[in-house]
Each structure stands twice: as C-alpha cells, then as structure tokens.
Amino acid sequence: MLRVEGLTRRYGDLLALDRVSLEVRPGEIVGLLGANGAGKSTLLRTAAGLQAPDAGSVTVAGVDLARDPREAARRLGYAAEEPSFYDELSADEHLAFVSAVRGLAPEDGRAHARRLLELLELAGRADEPVRRFSHGMCKKLSFAAAVLHEPPVLLCDEALEGFDVAAALAAKQELRRLAAAGCAVLFASHITETVERLCDRAVILHRGRNARTLDRMAWGAPATGLSPLEREFLAVARST
Amino acid sequence: MPRPDDCSAAFRALRRALLSRRLAAVGGLLRVELLAIGALTGAFIAWQARLPLDHLAHDAGPWAAVRALALLLGACALAGGVLAGARHRRRLAGGAPELPWLALPVAATALARHLAWESGLHALWTAVPAVALLAAALGLVPAWALALLAAGAAAALAGCARLGCALAWALAVRRLPEGPGEPLRRLLSAAMLRGRAARLPTPRWTGSTWRALLDKDLRLSWRPTPARGPAVTWLAITVLAAAVWLAPVERPLAGMLSAALVLAAAAALGDWLLALACCDPFAALRGLPLGPRAVWGARATWVAAGALATAALLALAARGLDSGARATFLVWCAGATLAVGLLAVHYGMTLFPRGAAARRLFGLMLGLALAASLMIPLFGWLVLLAALVHSARRLPRWWRLEEREC
C-alpha cells in the first residue's frame with residue numbers, strides 16, 4: 001500500500017505540493033490527473049524518494065520513506081517521465097544491473113527481463129547501447145526496469161507516453177496483472193482516456209492540491225476492448 | 001520577427017542569466033569553501049613569488065621586476081587560452097548537448113560565438129594566479145605600472161581565450177568532411193553520429209550488488225565514456241612511475257620522480273572515480289535500494305585495488321633499494337593512492353550528481369595539499385587527511401541528496 005500524508009514541497013517561492021494526501025490500496029490502480037505543472041511529477045518524485053518533502057510523509061508498503069529509504073526503495077518501482085540510463089550500457093546490461101541491485105536471483109532476473117523485453121517489443125534491440133534508443137524505447141526500458149522485481153508499490157509518471165499502440169496495450173495488461181497480484185499502482189497522466197480505461201480511482205491535482213478524488217463509478221463503465229483505430233493499427237503491425 | 005543573425009541581445013541576456021544561475025547553484029557553504037581555497041592558493045602563489053620579485057627589484061631595479069611580472073602574467077594568459085581551447089575542442093567534438101541549438105533560427109556565427117564564450121569562461125581559472133602575482137608585486141613596482149599590467153593581463157587573458165577557441169574551431173573544422181551546409185551545423189550533427197557501437201556482449205547476471213557495481217564500472221571504463229580517458233591515464237602514469245626505476249638515473253632522483261608520478265597517478269585514479277560518478281544517472285540510481293555503504297564499498301574496492309597494484313608494480317621495479325627504504329617508499333605510495341582515491345570517492349558521493357563541482361573541489365583540494373607540503377614538509381598530508389575525514393562525515397547525506405543543476 002502507498003500512503004501519502006500532508007505532502008508539501010516548495011521550489012523557492014513556488015508551492016508545488018500543498019498538503020497532498022492520498023492512499024493507494026493493494027490491487028488498486030489510481031490515476032493521478034492534472035494539468036501541466038499541477039504537481040504530478042513532483043508528487044511521484046517525492047514519493048519515490050528522489051527529493052525530500054518540506055512536510056508530510058510517505059509510507060511504502062508499511063515502510064516510512066524518511067526513516068528507511070533503502071527498504072522503501074526495495075519495495076518500490078518508479079517509471080520516470082524523463083528516464084535516464086547509462087547511455088553506453090545495453091538494455092540487457094541495464095536490466096542485469098537493476099536486477100542485481102534489487103537482489104533478484106540471476107535466473108529470475110534474466111527470465112523476468114526477457115519476458116518484459118519481449119512484451120514491450122524491445123528484445124530485438126536489447127544488446128544495443130541505450131544511447132541509440134528513441135524516446136519511446138527509453139520509456140519502455142524505464143517501465144521494464146520499474147516492474148522487473150514485481151514491486152508491491154509502483155509509481156508511473158506518464159509511463160505509457162511514447163509507447164506504440166501494441167506496447168501500450170501490453171503495458172496496460174502488465175499493470176492489470178501486477179494489480180491483480182496485489183501491487184498498488186499510482187499512475188500519473190494528463191490523458192483522461194488512459195485513466196478512464198485503466199484506473200479504479202482517479203485523483204485530480206490542481207495547483208499542488210488534491211482537488212478531487214473520483215471513484216470509477218463517477219465516470220461510468222470503462223470502455224472495453226480496442227478502439228477501431230487501435231484495431232487497424234494492430235492488424236497492420238501484426239501482418240508485417 | 002527578428003532576423004536569425006540579429007540575436008546578439010538575446011544571447012547577451014542568456015549569458016547574464018546563465019552566469020547568475022550558475023552562481024546561485026553553488027550553495028552558500030560551498031561558495032565559502034571555494035573562496036577560501038582560492039584565497040589560500042592565491043596567498044601561497046603570492047608568497048612564493050614575492051621573494052624572487054623582491055630580489056629582482058632590489059638587484060636589477062623595478063623595471064626588471066615589471067618585465068618578469070609581465071612574462072608571468074603572459075604565461076597565465078597562455079595557460080588560460082590552452083584551457084579554453086581544450087574545453088572548446090571537447091565541446092565541438094561532443095556535439096550532442098549542443099544539438100538543440102540547431103533547431104533555433106540562430107545564425108551559425110552567433111551560435112559559434114556563444115559556444116566560444118561558454119568555453120572561454122574556463123580561462124578564468126588562471127585569474128587566481130594572475131591576481132596573486134599582481135598582489136605579490138605590490139610596493140615593488142610603481143602603482144601605475146601595476147595598474148597597466150593588470151589591465152594588460154585581463155586583455156591578454158581575454159585574447160588568449162579567444163585565440164584558444166579559434167584554434168580549437170580551426171582544428172575541428174579541418175577534420176570535417178566536405179558537404180553542404182554551414183560548418184558548425186555539420187560539425188555538431190556529425191558529432192552525434194560518431195562512435196555508434198556495434199552490438200554489445202551479453203551481460204553477466206549476478207545476485208551481488210557489489211559485483212554488479214564493479215562490473216558496471218568496468219564496462220563504462222572500457223567503452224567510449226568520459227571515464228575511459230582518466231582510466232587510461234591512470235594506468236599509463238602508474239606504469240611510468242615504475243619504469244622510472246629501470247631508467248639509467250641515480251636512485252634519489254628516480255625515487256623523487258617515481259613519487260611525483262605516483263601522486264599524479266593517484267590524482268588520475270581519483271579523476272577516473274569521479275568520472276564514473278558523473279556517469280551515474282541520478283534518477284535511475286536513486287530509485288534503487290542502493291545505500292552509501294554499497295556505493296562506497298564498490299568504489300573503495302577500486303581504490304584499494306589501485307593502491308595494491310601500484311605497490312606491487314613499484315615493489316617489482318624498485319628491487320635495487322634496500323628493504324627498509326623500499327618498504328617506507330611502498331607504504332608512502334600506497335598510502336597516498338589510498339588517501340587521494342578515497343577523497344575522490346567521498347566527493348563523488350557527497351556532491352552527487354554535481355560531478356563538475358566534485359571534480360573542481362577535488363582538484364582544488366589536491367592543489368592545496370601540494371602547496372601545503374611545499375610550504376611545510378608533510379603538512380599536505382594533514383590537509384589531505386582533514387579533507388578525507390570531513391568528507392567521510394558527510395557520506396550519510398547520500399539519502400538527502402537531490403538532483404540540482406550545476
């Protein structure tokens with residue numbers, strides 16, 4: 001479970017987060033909506049331990065982030081909006097490094113990485129240096145690194161942005177699978193359609209404040225299946 | 001709409017903003033520390049220069065001192081030009097960070113001027129010894145001559161920085177293949193395409209954090225990253241430090257040369273470790289359950305390996321020394337490598353991800369230790385150990401670090 005309580009963060013005079021509180025229960029995918037600059041990325045970066053809050057607390061699967069950041073990081077996966085990697089390592093090497101640091105057994109790490117790379121259609125280029133990757137491919141690698149250890153809490157910051165249609169669908173399925181296994185997912189996006197389809201609840205941030213929390217019932221039954229355009233795209237992609 | 005070549009006002013505003021942002025990015029305490037190190041280095045240079053200038057002024061008259069001072073200031077300006085030129089050469093070869101400029105409707109000449117200005121700022125490092133030399137001559141030469149020398153030195157420094165950048169530009173353009181378009185655009189675009197590697201070997205899957213960190217460091221040092229140059233430099237100087245003992249020179253001279261080279265090798269080892277820290281992407285690393293102990297342990301392993309390798313190589317090369325002298329020499333060499341290497345490890349961690357600031361502080365601290373040892377024998381060790389202890393106490397701040405722009 002992810003619990004954020006009274007989180008406040010300033011950048012100089014700018015109040016980026018103003019006493020934001022929210023909770024993501026195990027098995028739940030919560031969408032974090034907001035305009036540009038609403039504080040979504042700040043909230044996720046702070047919850048991921050990449051920057052310290054000015055006030056408030058973050059609890060990751062029962063661990064206080066401020067008290068035991070290492071244990072919290074162990075239980076957390078974070079797919080950044082602007083991912084960064086070792087440019088001269090390959091995707092395979094990067095995932096091998098992440099797997100070792102996260103304490104996965106070598107065979108498990110290798111198997112998980114292979115599955116994810118194939119799922120996201122990166123397997124064919126997994127031995128190329130990351131600096132040759134496009135933005136979308138970097139985002140896929142970031143997503144793979146975040147879910148490699150099947151964390152109990154997952155933070156996704158515009159994680160599917162830049163994904164092609166097939167990879168986006170596969171990633172959504174992977175998120176649903178993780179949630180079904182008990183993972184608490186906080187999914188930040190500015191695309192309401194993605195949140196409508198994927199999430200169980202939505203939190204709307206406005207000027208650093210938790211403006212509204214909506215249950216899935218509030219936006220009606222989610223659209224199921226593929227849109228006509230997605231169907232056409234997949235037909236072309238699969239035919240070649 | 002302004003014309004592409006009419007953007008000098010925008011560039012002036014950008015330069016002002018860049019200068020103020022960079023100044024603001026250096027924290028208050030660090031600013032005081034840098035000023036103190038600069039002042040101490042300057043004071044040392046002034047102290048070293050004062051006596052010879054005084055002798056010269058006394059024996060050959062104030063004009064001889066003015067001539068000597070002019071020569072020294074000229075050397076400072078030349079050194080500044082070399083620094084600026086080297087930086088500009090790297091900038092033009094690097095390409096990628098400058099590529100977004102190409103999307104703007106900016107005239108190539110204005111962009112080239114701006115890039116040269118950025119590189120030219122590095123020449124300012126030599127202003128510290130120049131000011132110290134001028135201060136050393138206070139009261140020895142007429143005040144108006146000193147003022148003229150100061151103005152001349154500033155102009156020479158600016159001129160040399162421009163000359164250095166112009167030379168770097170000429171060298172870079174000379175290697176550029178023929179093609180359509182402006183040379184700067186072709187140069188920056190070509191830099192992006194250079195060095196595209198083939199497929200990389202299969203990774204080693206391990207369950208150990210330390211092994212993963214060491215393996216990653218080795219791979220990054222082997223490939224074309226900023227860490228490769230310092231690693232090669234360290235190996236080359238270490239081999240040279242051992243080779244000195246095999247050269248046909250007297251043992252005391254060989255010992256002195258070897259010790260000096262061991263110090264240079266230790267500095268290169270530290271530079272390599274700092275370059276490795278610079279390669280670490282902040283968000284990727286900090287999102288992982290990596291504590292300061294694991295990071296320090298992996299980096300300290302390289303330092304220990306470096307110290308051992310240095311000692312082993314020197315033990316083989318310096319077999320002619322008697323056992324007592326050899327043991328003392330080896331302990332000194334290994335100790336210096338350990339202390340300097342660990343200092344780099346600490347700065348790389350406590351200032352992460354501000355690699356440039358860590359490298360500057362490391363260089364300044366080594367300079368200070370060297371100056372202290374020249375003033376009072378072995379005093380540099382005290383300075384080095386004090387810096388080591390001070391930086392070690394800051395290691396737990398690893399968890400409080402944030403990504404800030406330099």
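Among the amino acids, Ala, Val, Leu, Ile, Met, Phe, Trp, Tyr, Cys and Pro count as nonpolar, Asp, Glu, Lys and Arg as charged, and the others, Gly among them, as polar. With these classes in hand, one can describe the second largest pocket of this predicted model, whose lining divides into 13 nonpolar, four polar and seven charged residues.

The second largest pocket has a volume of about 540 Å³, and of the 24 residues that line it, B:L30, B:L351, B:R354, B:R394 and B:R397 lie nearest its centre. Helix 2 (28-60), helix 13 (323-350) and helix 14 (355-375) of chain B each contribute at least two residues to this lining, and helix 2 of chain B, with seven residues, gives the most. Where does the pocket lie with respect to domain 1 and domain 2 of chain B? Because domain 1 (29-193) and domain 2 (209-400) of chain B both give residues to its lining, the second largest pocket lies between them.

In chain A, strand 7 (residues 153-157) is mostly covered, with five of its five residues buried. A:V153, A:L155 and A:D157 point one way from strand 7 of chain A, while A:L154 and A:C156 point the other way. The table sets out how strand 7 of chain A pairs with two other strands.

| Partner of strand 7, chain A | Bridges and sense |
|---|---|
| Strand 6 of chain A (residues 76-79) | Four bridges, parallel |
| Strand 8 of chain A (residues 184-189) | Five bridges, parallel |

Within these pairings, A:G77 has A:L154 as its bridge partner in strand 7 of chain A, and A:D157 has A:A188 as its bridge partner in strand 8 of chain A. Together with helix 6 (residues 165-180) of chain A, strand 7 and strand 8 of chain A make a right-handed β-α-β unit.

Key: Residues are numbered from 1 along each chain as its sequence is written. Chains are lettered from A and ligands numbered from 1 in the order in which they are written. This is a predicted model: local features need pLDDT of at least 70, side-chain atom pairs count only at pLDDT 80 or more; totals for chains, interfaces and linings use all residues. Side-chain values use heavy atoms; hydrogens and water are left out. On a 1 Å grid over the protein atoms alone, a cavity is a set of points where a 1.4 Å probe fits but cannot get out, and a pocket is an open set with protein on both sides within 12 Å along at least five of seven lines; lining residues have an atom within 4 Å of a point. Grid points are joined across faces, edges and corners, and a volume is the space filled by probe spheres set on the points. Domain bounds come from an automatic or database domain assignment. Buried means under 20% relative accessible area, exposed over 50%, partly exposed in between (1.4 Å probe, protein chains only). Two strands pair if DSSP finds at least two bridges between them. A crossover is right-handed if, with the strands pointing away from the viewer, the path from the first strand over the helix to the second runs clockwise.
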